[in-house]
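Colleague: I would like to go through the labels attached to this model one at a time, and to hear for each of them how the value leads to the word.

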Amino acid sequence: MAELPVPELPAALSHCSGRFTISTLLGAEEGGRGPYAPTEGTGCDSAQPTHLSGSTLCTRTFGYNTVDVVPAYEHYANSKGVGDAGKGRPSLADLHSILKPDPGRLRAPVSDLQRSNGLPEEAAGEPGRAPTPEPVRFGWVKGVMIRCMLNIWGVILYLRLPWITAQAGIALTWLIILMSVTVTTITGLSISAISTNGKVKSGGTYFLISRSLGPELGGSIGLIFAFANAVAVAMHTVGFAETVRDLLQEHNSLIVDPTNDIRIIGVVTVTVLLGISLAGMEWEAKAQILFFLVILVSFINYLVGTVIPATAEKQAKGFFSYRADIFAQNFVPSWRGPEGSFFGLFSIFFPSATGILAGANISGDLKDPAVAIPKGTLMAIFWTTMSYLVLSATIGSCVVRDASGSLNDSVAVGSPGCEGLACSFGWNFTACAQRQSCRYGLSNYYQSMSMVSGFGPLITAGIFGATLSSALACLVSAPKVFQCLCRDQLYPLIGFFGKGYGRNSEPIRGYMLTYVIAVGFILIAELNAIAPIISNFFLCSYALINFSCFHASITNSPGWRPSFRYYSKWAALFGAAVSVVIMFLLTWWAALIAFGIVIFLLGYVLYKKPDVNWGSSMQASSYNMALNYSVGLSEVDEHIKNYRPQCLVLTGPPNFRPALVDFVGTFTKNLSLMLCGNVLIGPRKQKMPESRLTADGHTKWLMKRKIKAFYTDVVAEDLRSGVQMLIQAAGLGKMRPNILALGYKRNWQTASPQSLEDYVGILHDAFDFKYGVCLMRMKEGLNVSRVMQAHVNPTFEAAGHPEENGTGGRVAPGTADPAALASEQQASTVFQSEQGKKTIDIYWLFDDGGLTLLIPYLLGRKKRWGKCKIRVFVGGQINRMDEERKAIVSLLSKFRLGFHEVHILPDINQKPRPEHVKRFDDLIAPFRLNDGFKDEATVNEMRQGCPWKISDEEIDKNRAKSLRQVRLNEILLDYSRDAALVAITLPIGRKGRCPSSLYMAWLETLSQDLRPPVILTRGNQENVLTFYCQ
């Protein structure tokens, strides 16, 4: 911990209760009074200006004063990025750097009361304002378990489960129930794991999936899940309306006609449900409890009915109370009709096991979602499963499969000609059973539960409660999920519905939208076609929830730490696979439609790439894959066929040299590594904050320009040592640069001599580390920083102004702001435009391993350069031009580069024109030592402190090479004045024998007066091309 000296404290500070303010510790420096003299307002809740970036300036004492703070809730609340400093926690600089007053960085302290209550920072209200009312929050019973049980129970419980028991038998019905529950239980375990891996907010299923798998899958499933819930409101409401319509028909009291009655009753019902929802979550929860009690009473009423002795009317309809013979007969299947198959009945029953997401969908309204969702969901699954098993077993033990319902079919026990189990109970249903015309019995009468129950209308009330509770749960779920999706702004035109109202942030607009969708489908009154799609949408959600749990587990992310431990990643994967299989078992065409919609929405989000970062498991998976492949790549020996030009580009700030970035990005995109390097020159303490602040902005600038590259910077005392750091440390394993790309130093003649030495020294360093070198020169220069009116970092290419190459400089306003870097206007360059039918001229003057050929070849494969014709120029002798041309053409054909136009330069050794020679002499004149060919010792003494000076002997020894550069420039002007790009083999100056000024004079002479971009390339003299296949 950072310690401070502790003299004896005056009594005036005793009210701090063991805490000291930074202003107290700095009292001597700031106030000029005693070292710890109390000032007005001194205390734990006061805040004097200090350098501390924390939100609290009070710390506990550990026997000495410290600016460290104890662990607290608010230090971790709302932290997203790895670099986020928790509010209230001092920064690392605060702990180990010199403490200085800084009023600009002060934040309000967090009171002890707030910390002691463990409240988040948003709980602190503004003084003078009335406290906002607490939102309604539910526990696990009222908020999750009852809600899920109501959504799971439905009309299938009352109207279809007895019929399924008759068809499949009790044994297979239990198997169908347990298979369905296995899927929902695995999904419940996955929900429990995900919901306990951090604080869950509103948004339910969408929130869980999107924060786990990312916005792509989360957004697509959130949209269709919200829509599915909205349409499910119509489905359940129509189920209720059909039951009411049937009751009206029995009493001959239809309103209009059967179809329009459904519409009228449905619209009125959903309007009432909307009113309950708009009244607030508290009223909605009360309505759900009422429905729950109605269903419980109806279920108890049924169980009581099974033990009441059967009347003659009930016996005529097949009910005989509990009989072992009936249980034995109904234990085995009796398939009937087109749906009489195991998977046919499974597809009918499975939707009744769904609905487990109802509690998770209102996660924002729960007191503690991490406790309520696992406990409530799993308990709901357990109790509903028990109710299904008990119902199928009891009704299968009481009611025979076929009954006529006629009191005239009673016979004496043992009467001849009577077949079937009912004969032993005194009833003869043989005639209708043989003709398959029986109206009653488990196989024929859907209202068997009502018939068995003690009081039939209570079963009807239970059907009402089941349908209305499910409709109400979906009516609440859809807006809650949709509101969270709208607030995340993944899709256009839906943000309007994200606004919340009241203390619970109720999505009123979402309720109205759900109401309109529900009414629209109710008016259709024909939901048989849409129902399978809805079921598949819910199954999509189950599959993705299970896959989310599996994916988060398999990535081994340290952030995956669910407090719910009773899950298995392999069970979750099994649940995801089974959910997909069930989708196709239910309705294959609906499954294809669901997948099509998910893929379309997924593609949209992938294309838009929303600027969100939720720490998803996809990010963890990307890291794992990259790590595994990088490690695996290190185990593979390099081969020439797999050579890739991996470039370390000395861009400085990348937005200062967009042409250099575009050039390298063009031929490395989707092919190889590109790393933009920047050297921050100056004291580390001064430059490190700038480095941290701008790195993210530069990366975003590259992404906005669609350049697939990394950005890295180093802080160094001078340019050359910084580049040496980059050359040695950049990259990872085999993903390391092998080419140094940089801009040409245009102001080398007027720059400081040391910067000239550093620039040429960088080229020597690159060759020493076995790098290839790619040097780029453009007539208008590369550095656009003056146009941007921004600070130029003294780096790798001059803009033609001496003042831009100094080591000092001011920071222009806004340049350190990452958002400003990313949003600034992008400068256009020649490498972003279509080149048309120009030429790319390659002057392959020396064999460097083939890099001079490879880079233009990769450039020519891109669309913008694809129409350019590539010409290759090589030196030769005038009397052997044909032979040399054929040899080069043959070599190029073996390389399969597609270069067919080859030119031999026989006049490369001719003497250049005198005026051009004079221009070269004038160029180097200011850098000559003019030693008069003195001995080496004298020359070294004269050159002490100015190693860039050129002695007369060095000029004489390098005369031929100098004249070669002059002559080459004449040839370039003759042949390539109108080319789109000129690539030349870079001449090499021998280290220690060629002064930096002479070498720069060669490069200046070679590339001067050329309009197209000039690329001076030199490989590391190792092959990068091969014509062998092994």
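**From values to labels**

Modeller: Let me start in helix H12, which is where Gln329 has its place; please keep in mind throughout that this is a predicted model.

Colleague: Why is Gln329 called partly exposed?

Modeller: The relative accessibility of Gln329 is 32%, and since buried means under 20% and exposed means over 50%, with partly exposed in between, the value of 32% puts Gln329 in the partly exposed class.

Colleague: What does Gln329 touch, not counting residues up to four places away in sequence?

Modeller: With those residues set aside, Gln329 touches Arg401 and Leu421. In addition, the C-alpha atoms of Gln329 and Gly396 are 8.8 Å apart in space, although the two residues are 67 apart in sequence.

Colleague: Why does Tyr322 count as partly exposed, and where is Tyr322 found?

Modeller: Tyr322 sits in the loop between helix H11 (312–316) and helix H12 (324–331). Its relative accessibility is 37%, and because the partly exposed class lies between 20% and 50%, Tyr322 counts as partly exposed.

Colleague: Which residues form the nonpolar patch on the surface with Tyr322?

Modeller: The patch is formed by Leu293, Leu296, Ile300, Val304, Val307, Ile308 and Tyr322, and together they have about 600 Å² of accessible area. A residue enters a patch with over 30% relative accessible area, and Tyr322, at 37%, satisfies that part of the rule.

Colleague: Why is Gln288 called buried?

Modeller: Gln288 lies in helix H10 (residues 281–307), and its relative accessibility is 2%; buried means under 20%, so Gln288 is counted as buried at that value. Leaving aside neighbours within four places in sequence, the contacts of Gln288 are Ile146, Arg147, Leu150, Ser469, Leu472 and Ala473.

Colleague: What makes helix H5 mostly covered, and what covers its buried residues?

Modeller: Helix H5 spans residues 140–152, and ten of its 13 residues are buried. Among them are Ile146, Arg147 and Leu150, which are also in contact with Gln288. The cover over the buried residues of H5 includes H10, helix H14 (369–395) and helix H17 (456–488).

Colleague: How do you know that Ser553 is buried?

Modeller: The relative accessible area of Ser553 is 9%, and as the cut-off for buried is under 20%, Ser553 is buried. This residue is found in helix H19 (residues 531–554), and, apart from neighbours within four places in sequence, Ser553 is in contact with Trp560, Tyr567 and Lys569.

Colleague: Turning to the strands, why is strand S10 described as largely enclosed by the rest of the structure?

Modeller: Strand S10 covers residues 839–843, and it is called largely enclosed because five of its five residues are buried. Thr839, Asp841 and Tyr843 point one way from S10, while Ile840 and Ile842 point the other way, and all of them are buried.

Colleague: What makes S10 and strand S11 a pair?

Modeller: Two strands pair if there are at least two bridges between them, and five bridges join S10 to S11 (residues 869–875), with the strands running parallel. In S11, Val872 is the bridge partner of Ile842, and S10, helix H29 (residues 851–860) and S11 make a right-handed β-α-β unit. S10 is also joined to strand S13 (residues 981–985), in parallel, by four bridges, with Ile840 opposite Leu981.

Colleague: How do you know that strand S8 is mostly covered, and with which strand does S8 pair over five bridges?

Modeller: Strand S8 (residues 739–743) has five of its five residues buried. Its pairing over five bridges is with strand S9 (residues 772–777), in the parallel sense, and Gly772 in S9 is the bridge partner of Ile739. From S8 the chain passes through helix H26 (residues 753–768) to S9 in a right-handed β-α-β crossover. Strand S5 (residues 647–650) and S8 also pair in the parallel sense, over three bridges, and there Val649 stands opposite Ala741.

Technical notes: Residues are numbered from 1 along each chain as its sequence is written. This is a predicted model: local features need pLDDT of at least 70, side-chain atom pairs count only at pLDDT 80 or more; totals for chains, interfaces and linings use all residues. Side-chain values use heavy atoms; hydrogens and water are left out. Buried means under 20% relative accessible area, exposed over 50%, partly exposed in between (1.4 Å probe, protein chains only). Helices (H or I, at least four residues) and strands (E, at least two) are DSSP runs, numbered from the N terminus. A crossover is right-handed if, with the strands pointing away from the viewer, the path from the first strand over the helix to the second runs clockwise. Patches are made of residues with over 30% relative accessible area and no salt bridge: like charges are joined within 9 Å, nonpolar side chains (Val, Leu, Ile, Met, Phe, Trp, Tyr) within 5 Å. Accessible areas come from the Shrake-Rupley method with a 1.4 Å probe; for residues, only the protein chains shown count as cover. A salt bridge is a side-chain nitrogen of Lys or Arg within 4 Å of a carboxyl oxygen of Asp or Glu. Contact means heavy atoms within 4.5 Å.
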